[in-house]
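Colleague: Can you take me through this model? I would like to start with a strand.

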Amino acid sequence: MTAAVRLESLRKVFPDGTVGLDDVSLEVPAGQFVAILGRSGAGKSTLLRCASRLVEPTSGRSFIGDLEVTGARGRGLARARARAGFVFQQFNLIRSYTCLENVLVARISHNGWLRGLIGLWTPRDHEIARRCLDEVGLSAKIDTPVRSLSGGQQQRVAVARAFAQEPTALFADEPTASLDPNLASTVLSMLKDYGSSRGVPVLVNVHTIEHARRYADRIIGLSAGRLVHDGPASELSDEAVEAIYAAPQSRPPEDH
Amino acid sequence: MILRRILLAALLTAALPRVARAQETLPSEIVLGFNPAENAQTLQRSADELARDLSDRIHIPVRATVTLDYTTLVESMRSGHVHFGWLTPSPLVLAERLFGVRVLLTQVRRGQPTYYSALVVREDSRFHSLEDLQGGSIAWIDPTSTSGYVIPRYLLLQRGFNPSTFFTRQVFAGQHDAAVIAVQRGQVDAAAVWADPPSERTGAWTRYLANRPGPRLRPLMYSPPVPSDAIATTETFAREHPLLVRSVSSSLVAIGQSEEGRAILRRLNSTDGFVPSDIRQYDLVRQAFRATRDEQSRARSGRFEDPRSMRIFGLLLLGAALLGAGALSRRPRAQRWSAFGLFALALVWAAVAARIPMADFIKGWRDIGQFLRGMFPPDWRVVAEVMEATVLTVRLALVGTVAGIPLALLLGLLSAENVTPSGLIRRASRFACNLNRSIDLLIIGLILVSAYGPGAFPGVGALAIHTVGSLGKQFYETLETMDPGPVEAMRSLGATRLQVLRWGIWPQFTPHFVSQALFRFELNVRGAVVLGLVGAQGIGFLLQTYMRGAEYGKVTVVIAAVVILVMALDAVSSRLRRNTA
């Protein structure tokens, strides 16, 4: 069976010379829930963004399903990006639009260009959007503008949006960092349920080890852009955690 | 009305010689154009009376219009809005040059169809001949004034003096009374003004200084007789309406011969009547006009400043700028202070060179006091007219703003970094915005007014052009502050560039767009008011007309309207903007 997400030697060097990703290879099978741990700046966000090419990797290849994302161009690139549903830390919703409208735009890659441009959604799009909002428990808020929702509700709209996209993979970049712990659990379990019920791989950057242990099937650790840990969540030892969060060895001593 | 016109046409054809009984369609209305004289306050009223009298005689509606200035009158004749113009000699010659005029009549004053120009100096001055004035200063009236500029300059040129070098300083006083007052005060050595026949030794200096204490003035040099004002029409109109023109001409002569007609004419620049005339009577003015036009370009550079003081001022400023630049690069304190000193010196020099006397400043304040007293009581009779002009101004601003928005939006989008990836396009588009912005609204207005003539189009055009640059810049600056989050989300959803713009940026931008466009509209209303001053239509034009006519009571109404308009707009637009935010 082919892996649902496969990264081959992904490398990202930013224009200022910072190495964001250093030769990361990874295979995630369908339905697996992967938690990515690491200090801030370790390359967690860069990993997800390079995998879906929101950020252009310097070298290496990324596959989502059987499609090589790194090989796509132009309109094809837009389609390739659409394969990965993305949930952001700051929700990134259209704040002045209603929940329904925010979820409907996820259907953009399933429609013709002009339809997507002017927002002429099909009845099927509406049906899917409503179902996804229902799935995150927001059926009552369909016509409410996003700006008047709480943070937790907004993140649930963002999750519904990612679901409505009908993605081949789900990426979530610190989806819980702006939420209180209860809401964080809700969002994470929604992502997990979606992944396991539909056989979609889920990659989530988290900052709490407790959440990673509770929800993830597998935990990987990044440090200074390198993959420093990869193993089942149940086997994550305290030493491994320490290694992941330790100051990178390659780093020069700090000034004093 | 129509019946009366048919009757009239029948009468005219019956009354006039058989040869001239060709087909002549009559205009529905005749417009007489006047330019503002010194007693402009009553000019419109007297002009209306004359129009009524003339209308009674020729049985066609006649309307009198007082234009902003000579140039407007000439242009209105050219465009056919004014059929008969009461023109002073120089504008007449200008009109002849521009489109060809037919002179019908010459004005008679004090029993003569001529008047004079004189150079006057102070009684107690050391100037006794023209030569004595060499190196002195002079006040002209304005560049289209016959007795106050064209003729006296021509006489100087004829005597071998180039006015630009003969005098060290020349100013335009604007009005004859201002010119003689400037001489009386010793601000200038001499002035060129109108005069009665030399034997009487009277003129502007005796008329306007009669009730003013202080030194008297005396004439230093007289011109030959200059033909008085002309009643003229365009060559085209004269050809198309020979009967009508002849009828107007003879009626005006007849008005001057009737008792009550004479009373009306008296109030129109002390006119006694008219005598038939033609363009040849104005040969002296034609020659003078040609001569002064030719030397005008040279004269212009030396009008207000002598080159020496310009050069010194320039050097001082340059020195200060250099030292100032040094000061910014952390130079020693001594240099910083000397830069400051040089700049202060340049400022004093500028004030001295511009000759801003304190006494005038204080006198000016007194004049403002007079002006303010003249403003009350307000002349409410013009309310309807003012309201109409106000609505027109708002309409101009609205159309101008709306017309400018599409291009402003396009430039805004093309200039914004988060919308347009190509740096080259961005730079080109920003350059276009900045170039456009660097030209002031009034300057655009002036250019358009001179190209299209006064009216609504130059106002709308200037506002639209101005809107493109200023709003375009505001748009891209705002666009670049938009939250990149939704943009990234749209990209992750598989949106193309235009789709990202539609969903990721546009919803965020809409409230800013609305509020900035509204604010621009508000600014454009104010701009439209000011544009009226350069000849675009609207309330500014009305303001200028009343100001020139010294109708301060009406000015009050205009100012009140502007204040109410601006306040109302501010209230409405701030509420709207609060609602969209």
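Modeller: What follows covers one strand, then a helix pair. This is a predicted model, in which local features need pLDDT of at least 70, side-chain atom pairs count only at pLDDT 80 or more, and totals for chains, interfaces and linings use all residues. Residues are numbered from 1 along each chain as its sequence is written, with chains lettered from A and ligands numbered from 1 in the order in which they are written.

Colleague: Is strand β9 of chain A, residues 218–223, enclosed or open, and why?

Modeller: Six of the six residues of β9(A) are buried, so the strand is largely enclosed by the rest of the structure. Buried means that 20 or more other C-beta atoms, placed from the backbone, lie within 10 Å of a residue's own. Strands are DSSP runs of E with at least two residues, and helices are runs of H or I with at least four, numbered from the N terminus.

Colleague: Which residues point which way from β9(A)?

Modeller: Arg218(A), Ile220(A) and Leu222(A) point one way, and Ile219(A), Gly221(A) and Ser223(A) the other.

Colleague: Which strand pairs with β9(A) in the parallel sense?

Modeller: Strand β3 of chain A (residues 33–37) does, over four bridges; to pair, two strands need at least two bridges found by DSSP. Ile36(A) stands opposite Ile220(A).

Colleague: And in the antiparallel sense?

Modeller: Strand β10 of chain A (residues 226–232), over six bridges. Gly231(A) in β10(A) is the bridge partner of Ile219(A).

Colleague: New topic. Where do α3(B) and α4(B) meet?

Modeller: Among the residues in contact (C-beta atoms, placed from the backbone, within 7 Å) are Leu73(B) in α3(B) and Leu94(B) in α4(B).

Note on methods. Contact = placed C-beta atoms within 7 Å. Buried ≥ 20, exposed ≤ 12 C-beta atoms within 10 Å, placed from the backbone.
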